There are 2 protein chains.
Amino acid sequence: MNLKSIDISEMASASTIVFDMLRKAIIEGDLTEGEPLRQEEIARIFNTSRIPVREAISRLQEQGLVKTQRYKGAVVASLSATEAAEIFDFRALIEPEIVRDATSRMTDDSLLAAERACIAFSACTTPMDWGNLNRAFHAALYSPSALKYFIEVSHKAMDRVERYVRAQLVMSNGMGRANEEHFAILNACKAGNADAAAALTKSHICGAKDSLLRYFPKV
Amino acid sequence: MNLKSIDISEMASASTIVFDMLRKAIIEGDLTEGEPLRQEEIARIFNTSRIPVREAISRLQEQGLVKTQRYKGAVVASLSATEAAEIFDFRALIEPEIVRDATSRMTDDSLLAAERACIAFSACTTPMDWGNLNRAFHAALYSPSALKYFIEVSHKAMDRVERYVRAQLVMSNGMGRANEEHFAILNACKAGNADAAAALTKSHICGAKDSLLRYFPKV
DNA sequence: GAGTAGAATATTGGATACAATATGCAATAT
DNA sequence: ATATTGCATATTGTATCCAATATTCTACTC
């Protein structure tokens with residue numbers, strides 16, 4: 001036998017595909033706050049029945065990305081400035097620990113991947129890509145860590161605020177500063193200085209929070 | 001008009017009821033690790049069709065309480081000792097911040113509620129109730145905090161390890177020590193000493209982790 | 001014209017029916 | 001006896017249909 005092994009049981013079901021697409025649309029702001037998610041409309045778009053759509057919406061609700069009311073349906077969740085700030089505080093607590101753990105586990109490969117992501121972010125020109133590349137950099141930085149639960153939770157936290165990060169990057173012209181901070185974190189990692197990398201990550205996140213609150217004083 | 005106001009749109013749907021019951025059963029260990037969740041069987045038990053059951057299982061999966069494989073179904077998720085330890089580390093990072101925030105916001109009422117929960121825990125005799133009362137105490141302690149996201153995430157983390165906490169309380173005869181630590185935290189809150197309350201919470205959680213690892217060296 | 005009752009429509013929640021896949025067992029071949 | 005194939009059953013994934021509720025529109029009253 002000489003066939004490439006593909007685990008066919010890992011193939012995506014309709015409800016998983018719908019979930020991923022809706023999640024992406026919400027995170028990236030293609031679906032705006034408060035916008036209702038009509039089951040039939042979504043089912044039409046993906047050419048399925050409403051059943052997979054409903055399961056996808058259940059999962060989104062569990063993640064806090066939508067809010068549902070019985071017999072009224074789901075709407076895209078929104079955050080007050082206070083709530084957004086709290087999630088940034090949360091990230092500022094969690095993510096430095098991930099970076100600290102990751103630093104000691106980084107290989108040449110993972111450092112190179114992080115550097116590539118960092119460079120890609122710095123070279124990016126269209127605002128729409130900023131969010132994705134910013135996220136890609138953080139993912140590359142965190143992935144060597146063994147703290148799988150921390151990483152999972154931090155991703156969920158990022159999902160909740162990513163749209164605001166994007167908006168803030170655009171409105172505050174924050175790309176330059178974010179870029180500098182990324183390279184600073186990366187260099188601390190390269191030097192194997194876990195404490196410095198963690199501290200820089202913390203101030204990076206706190207800075208993003210402050211900038212956000214300046215630009216959206218009362219979201 | 002003189003009627004008690006009940007928001008009827010908040011009434012539980014079948015899928016919500018099934019979700020809550022399954023969640024409870026998993027947390028409390030009534031469903032054991034690896035045990036498969038048969039949709040039809042569960043549907044029969046709750047006298048519904050499989051549709052609400054499936055939505056409930058989707059949500060459980062999103063919380064990490066079950067693992068599903070396409071066309072094979074869902075089984076109750078299990079944790080390795082490493083994974084459980086990581087979740088305790090996570091709690092040890094988050095929950096002190098909640099207590100710190102809660103301490104400054106505690107009223108006489110909330111302090112009394114926490115004290116009642118603490119006393120109830122200390123008076124408890126049946127192992128099955130320990131977990132619930134332990135959880136109730138922590139909930140009473142945290143609820144004055146304004147950090148809603150922190151609280152939500154910490155509850156999800158507790159859900160993942162609660163069955164181990166219970167087992168550990170039984171096997172290590174840890175009730176006495178847990179009880180002392182609870183009162184210590186409570187007293188720090190009463191004294192308005194947020195830093196002390198946070199520190200005591202941290203060591204309380206770290207102690208539970210150490211005890212767990214001693215009794216389940218390789219779960 | 002404002003406001004209300006009631007029908008008509010839209011939308012969600014759930015039940016049933018069917019399709020796709022997995023699992024267990026018997027029959028057969030080696 | 002062991003391994004392999006084909007079939008029967010079990011289970012999950014999805015589509016379709018019905019019921020319950022929300023929303024909109026219309027007719028009517030004042």
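Start by selecting chain A and chain B together: a rotation of 180° with 0.0 Å of shift along its axis superposes chain B on chain A, with an RMSD of 0.0 Å. The superposition is by least squares on the C-alpha atoms of residues with pLDDT of at least 70 in both copies. The two copies are therefore related as by a two-fold rotation axis. They also use the same surface, since 100% of the contact residues of chain B recur in chain A.

A word on what you are viewing: this is a predicted model, in which local features need pLDDT of at least 70 and side-chain atom pairs count only at pLDDT 80 or more, while totals for chains, interfaces and linings use all residues. Residues are numbered from 1 along each chain as its sequence is written, chains are lettered from A and ligands numbered from 1 in the order in which they are written, and side-chain values use heavy atoms, with hydrogens and water left out.

**Stop 1: where the two chains meet**

Keep both protein chains selected. Here 32 residues of chain B are in contact with 32 residues of chain A, where contact means heavy atoms within 4.5 Å. The size of an interface is often given as the accessible area lost when the parts come together. Chain B and chain A bury about 3000 Å² between them, and 54% of that is on carbon and sulfur atoms. Buried area is the accessible area (1.4 Å probe) that two parts lose on being put together, summed over both.

Now pick B:E55 and A:R54, whose side chains meet in a salt bridge at 2.9 Å, N to O. The term stands for a side-chain nitrogen of Lys or Arg within 4 Å of a carboxyl oxygen of Asp or Glu, and the rule finds six of them across this interface.

Which elements should you colour on chain B? Those that give two or more residues to the side touching chain A are α3 (50–62), α4 (81–105) and α7 (148–171). Helices here are DSSP runs (H or I, at least four residues), numbered from the N terminus. By class, that side of chain B has 14 nonpolar, five polar and 13 charged residues.

**Stop 2: DNA strand D**

Next, select DNA strand D and show what is around it. It is surrounded by 20 residues, the closest being A:A14, A:S49, A:Y71, B:R50 and B:R54; a residue is near a strand if one of its heavy atoms lies within 4 Å of it. Of the strand D atoms within 4 Å of the protein, 73% belong to sugar or phosphate and the rest to bases.

Zoom in on B:R54: an N or O atom in its side chain is 2.6 Å from a phosphate oxygen of strand D. At B:Q39, a side-chain N or O atom is 3.3 Å from a phosphate oxygen of strand D. Elements giving two or more residues to the surface near this strand are α1 (14–27) and α3 (50–62) of chain A, together with α3 of chain B.

**Stop 3: DNA strand C**

Finally, switch to DNA strand C, which 19 residues surround; the closest are A:R50, A:R54, B:A14, B:S49 and B:Y71. Sugar and phosphate account for 68% of the strand C atoms that come within 4 Å of the protein.

What does A:R54 approach on DNA strand C? A polar side-chain atom of A:R54 lies 2.7 Å from a base nitrogen of this strand. Then click B:A14, where a polar backbone atom is 2.6 Å from a phosphate oxygen of strand C.

Methods. Nonpolar A, V, L, I, M, F, W, Y, C, P; charged D, E, K, R; others polar. Polar contact = N/O pair within 3.5 Å; in protein donor to acceptor, adjacent residues only side chain to side chain.
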